[in-house]
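I sat down with this one to look up a handful of things and jot them here. Entries are short and in the order I got to them.

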Amino acid sequence: MELTLFLLFALIAVVAGAGVILLRNPVHSALALIVNMLTLAAFYIMLNAQFLAGIQVFVYTGGVIMLFVFIIMLLQPGREVGPTDRLKAQLPVAWLVGVALLVLLGVVLFTSALTGTPGNLTPEQFGSLEELGKFLFTNYLYPFEITSLLLLIGVIGAVLLGKRKV
Amino acid sequence: MIDVVIEAAIKSLIVIVALLGAFAYLVLIERWIQARIQVRWGPNRVGPLGLFQPIADAIKAIMKEDVIPDQADKVIFVLAPGIALSTSLLAFAVIPLGEPMELFGRTIHLSIANPDIGVLYWLAIAGLGVYGVVLAGWSSGNKYSFLGSLRSTAQLISYELALGLSLIGVILLAGSLNLPQIVSAQGRVWFVLPQFFGWAIFFVASLAETNRLPFDLPEAETELIAGYHLEYSSIKWALFQMAEYINIITINAIGVSLFWGGYQSPFFFLQGSPLWFLGVPSPLWFLGKLGVFIFVFMWIRATLPRLRYDQLMRFGWQFLLPLAILNVVVTSFVLSVM
């Protein structure tokens, strides 16, 4: 049952991911990315990380991709059709890197690097909101606060860059 | 396993039919209320007291010619009202209508879904609902629709912040994101009393989130003709109206569940007395409170003037958001000290 659901969502995720690259209209690509993000949320739920799934939809799909869509609609990049590559060697290098990554993925999957069982650093019942909250505010307090500081720097930078010189 | 799916399917069917029926008559009730406030009669010709007006409107909407503009992006043009309506309907899934009841030997919870992250689920789906608006305006191929949808989207994502932050006070008090638990935690004291400013912020933000007056510049007829649903005719326009009214119902249901005690009765102290039936929590209390707040939404629409767009954005970012953050800080401080 779980395998069937996983295969279904994986199929949708892969098709949506391919759609992001292959669709011609950038807004259609953004929509395909939304579908991909929603399947990721489904995977998080299947792994018992409900809070992460909710945050994935709320922040990523509802916030980040919304801003992508805004920028695409306002700036309309990529209106020209047809390849205008100046670096002729881009395509073979891309193939090479792609194949290398695929080989690396295969090596990681088919040797015993990923065991699929919780390791000795993961506590029991991990994934629920209480556990996540406890860990975030005790063991991982410094990364949490520093990350929020990073976001604040980003926001201030954006405001400064966007200000018009009066 | 399969019985869980069947139970959810039956509940979903009942809720969807109820919501669509409620939408139809809510439009009529709104027209009546607006009319009476403007000292005139509302629709009272079609059927007894005008009660068949929604049926006439539905037939008109279906029979109209369905126009897709030449410059429109056809796929997204057709998808956008679908996204708007489906997210509106999905958002209602977590609202608890009453206490769990026993039926056919099973305990049935009176909400379609009961995830541990109830409030976060609702916020996430409300965030997805914004896509219906922005895609509708862009795909119409019309500058005015596009401008209207951009304004509406900017308003929606700005007020989403204040909306979410105003709920944090309630979540801190209840200690959980799970909606039935939050409603149960209000057995004695409804959260509007300790969190009055939280509720006020939530109420104003919910007016903005549903594009209702005084925040309805994106739909203002005098400014942008009709905003993002300008190029939509026939059944697709009706779908947008459905999405808007179901959003109103859902957001008020969330407000009632989180601040005004949901299905809890205000007369809980009568529970041992001869008038015990007034103190029992029931879906009727929930529906009554929901009705009151929807009436307040309609009352405000008929009474207040519209905010200009820059006034609206300034209010959301420079007043409501700092107030919501202050609410969170004060609530956490008081809770940590006590």
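My notes on the two chains, their interface and some charged pairs follow.

**Ground rules**

I am working from a predicted model, so I take local features only at pLDDT of at least 70 and side-chain atom pairs only at pLDDT 80 or more, while totals for chains, interfaces and linings use all residues. Residues are numbered from 1 along each chain as its sequence is written, chains are lettered from A and ligands numbered from 1 in the order in which they are written, and side-chain values use heavy atoms, with hydrogens and water left out.

**Chain A, overall**

I began with the secondary structure of chain A and found 6 helices and 0 strands. Helices (H or I, at least four residues) and strands (E, at least two) are DSSP runs here, numbered from the N terminus. Along the sequence the pattern reads α-α-α-α-α-α.

Next I checked burial: 19% of the 166 residues of chain A count as buried. Buried means under 20% relative accessible area, exposed over 50%, and partly exposed in between (1.4 Å probe, protein chains only).

I also looked at contacts, meaning heavy atoms within 4.5 Å. In chain A, 48% of the contacts with a separation of 6 or more are between residues 24 or more positions apart.

**The interface**

How many residues of chain B are in contact with chain A? I get 22, against 21 residues of chain A. The two chains bury about 2,000 Å² between them, 82% of it on carbon and sulfur atoms. Buried area is the accessible area (1.4 Å probe) that two parts lose on being put together, summed over both.

Leu120(B), Tyr131(B) and Trp138(B) supply 28% of the area that chain B buries against chain A, more than any other three residues.

I then went looking for polar links across the interface. The rule finds 0 salt bridges there, a salt bridge being a side-chain nitrogen of Lys or Arg within 4 Å of a carboxyl oxygen of Asp or Glu. The rule does find 5 residue pairs in polar contact, both residues at pLDDT 80 or more. A polar contact is a pair of N or O atoms within 3.5 Å; within protein, one must be able to donate a hydrogen and the other to accept it, and residues adjacent in sequence count only if both atoms are side-chain atoms.

On the chain B side, the elements giving two or more residues are helix H4 (118–139) and helix H5 (143–174). H4(B) has the largest share, with 10 residues.

**Thr61(A)**

I picked Thr61(A), in helix H3 (residues 50–75) of chain A. Is Thr61(A) buried or exposed? Thr61(A) counts as buried because its relative accessibility is 0%. Outside its neighbours within four places in sequence, its contacts include Ile34(A), Met37(A) and Leu38(A), along with Leu128(B) and Tyr131(B) from the other chain. Tyr131(B) was also one of the three top suppliers of buried area.

**Helix H2 of chain B**

Gln53(B), Pro54(B) and Ala61(B) are the buried residues of H2(B), residues 53–63. Seen down the helix axis they fall within an arc of 95°, so they line one face; the arc is that of the directions from the axis to the C-beta atoms. They pack against helix H1 (2–37) and helix H9 (234–259) of chain B. Ile62(B) and Met63(B), on the other side of H2(B), are exposed.

**Salt bridges**

I count 7 over all chains.

- Arg212(B) pairs with Glu30(B), closest N and O atoms 2.8 Å apart. The two are 182 residues apart: Arg212(B) in the loop between helix H7 (196–209) and H8, Glu30(B) in H1. Arg212(B) is buried at 2% relative accessible area, and Glu30(B) is buried at 2%.
- Glu30(B), Arg212(B) and Arg301(B) are linked in a salt-bridge network.
- Asp57(B) meets Arg31(B) at 3.3 Å, N to O. This pair links H2(B) to H1(B), 26 residues apart. Asp57(B) is partly exposed at 25%, as is Arg31(B) at 34%.
- Lys236(B) pairs with Asp66(B), with the closest N and O atoms 2.8 Å apart. Lys236(B) lies in H9 and Asp66(B) in the loop between H2 and helix H3 (74–91) of chain B, so the pair ties together parts 170 residues apart in sequence. Lys236(B) counts as buried at 8%, whereas Asp66(B) is partly exposed at 39%.
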